[in-house]
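Here is a briefing on the chain shown below. The topics are its overall make-up, its strand pairing, its helices and its core.

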Amino acid sequence: MKKNLITLTLLLAAFTTFGQKKTANPAKATIKKQTAPVKINEPGLKSGLDSASYSFGLIMATNLKTQGLTGLNYDFMVRGLKDAFNSQKPMLSAENAQTAIGNFFKESSKLKYAATIAAGKAFFESNKKAAGIITTVSGLQYQVLKTGSGEKPGATTSVTVHYKGTLLNGTPFDNSYDRGEPNTFAVNNVIAGWTEGLQLMQKGAKFKFFVPYNLAYGERAPGPEIPAFSDLIFEIELLKIDGK
């Protein structure tokens, strides 16, 4: 999302260096003969300003389209351009403008992944009716595969676990058992679904967690194995609490 928020800034910055060549050693650079600008004679483009203005819009829109946008309110986009160039008081502060862009990308992303979100919602609605499944207030679902004993970890407790994770369709993306090495970390230093779920376990317990995307990585894709808006399934075995 951070990349999306600064897309326009980076794009405009790119134009300022477009066509400029850098030399490894400026002191040894040779002076080349200047050539006349290439004239662009397209219908409706009567000047270099016309051509450049059109190109700005074309390239900006192409870039935004690759990020999932299908259109904008062009009247207000032009209003924003005019206000900035004419030093007029903007309708939104810089902070609110960034927030508006972030919210817009988030909603656009939801539309792009609407089928994935709907499939996940249907899964959790059905899964909560299955035998042995417990659903918490947050929407996290879990099944006790093996009970443990003793105390439960707190939010800042260090734990050591073995685990394996898959997407809802069963595609694996991580497995500490395969690596032959458990992981140790603070309970509050992982995704929200893990932070909540680990505090339900006792040492020696093994739970199966069904984590909705909002308790996992949300609208972002943490890597190629886990797409945006992915609901995840984990089997977690709690081996140690605070190293014991």
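Two strands count as paired if DSSP finds at least two bridges between them. By that rule, strand 3 and strand 5 (residues 183–186) pair in the antiparallel sense, over 4 bridges. The model is a predicted one. Its chain holds 8 helices and 7 strands.

**Overall make-up**

- The chain has 244 residues, and buried residues make up 27% of them.
- The accessible surface comes to about 16,600 Å². Carbon and sulfur atoms account for 57% of that surface.
- Contacts between residues at least 6 apart in sequence were sorted by separation: 68% of them join residues at least 24 apart.

**Strand 3 and its partners**

- Strand 3 covers residues 158–167, and 8 of its 10 residues are buried, so the rest of the structure largely encloses it.
- Its pairing with strand 5 places Ser158 opposite Ala186.
- Strand 7 (residues 232–241) runs antiparallel to strand 3, and 9 bridges join the two.
- One bridge to strand 7 links Thr160 with Lys240.
- Strand 4 (residues 172–175) is also antiparallel to strand 3, with 3 bridges between them. Here Gly165 stands opposite Asp174.
- Strands 3 and 4 form a hairpin, with 4 residues between them. In the turn, Gly170 has a positive phi of about 95°.

**Thr160: buried or exposed?**

- Thr160 has a relative accessible area of 10%, and the cut-off for buried is under 20%, so Thr160 is buried.
- Thr160 lies in strand 3.
- Leaving aside residues up to four places away in sequence, Thr160 touches Pro182, Asn183 and Thr184. On the same basis, Thr160 also touches Glu237, Leu238, Leu239 and Lys240.
- Among these contacts, Lys240 is also the bridge partner of Thr160 in strand 7.

**Helices 5 and 3**

- Helix 5 spans residues 94–112, which makes 19 residues. From first C-alpha to last it reaches 27 Å, close to the 27 Å expected at 1.5 Å a residue.
- Which residues of helix 5 are buried? They are Gly102, Phe105, Ser108 and Ser109.
- Viewed down the axis of helix 5, the buried residues fall within an arc of 130°, so they line one face of the helix.
- Helix 3 (residues 48–66) has 19 residues, which should span 27 Å at 1.5 Å a residue. Its end C-alpha atoms are 27 Å apart, in agreement with that value.
- In helix 3, the buried residues are Ser51, Met60 and Leu64.

**The largest nonpolar core**

- Nonpolar side chains tend to be buried together in soluble globular proteins.
- The largest nonpolar core in this model has 25 residues. Val161, Trp194, Leu198, Phe234 and Ile236 touch the most other members.
- Which elements give two or more residues to this core? They are strand 3, helix 8 (192–198), strand 6 (206–211) and strand 7.
- Strand 7 supplies the largest share of this core, with 5 residues.
- Not counting residues up to four places away in sequence, Trp194 touches Val161, Tyr163, Phe185, Phe234 and Ile236.

Conventions. Residues numbered from 1 in each chain as written. Predicted model: local features only at pLDDT ≥ 70, side-chain atom pairs only at ≥ 80, totals over all residues. Heavy atoms only, no water. Buried < 20%, exposed > 50% of the residue type's maximum accessible area, 1.4 Å probe, protein only. Contact = heavy atoms within 4.5 Å. Areas by Shrake-Rupley, 256 points an atom, 1.4 Å probe, with all protein chains shown as cover. Expected span 1.5 Å × (residues − 1). Arc of directions from axis to C-beta. Core = buried A, V, L, I, M, F, W, Y, C linked by side-chain atoms within 4.5 Å.
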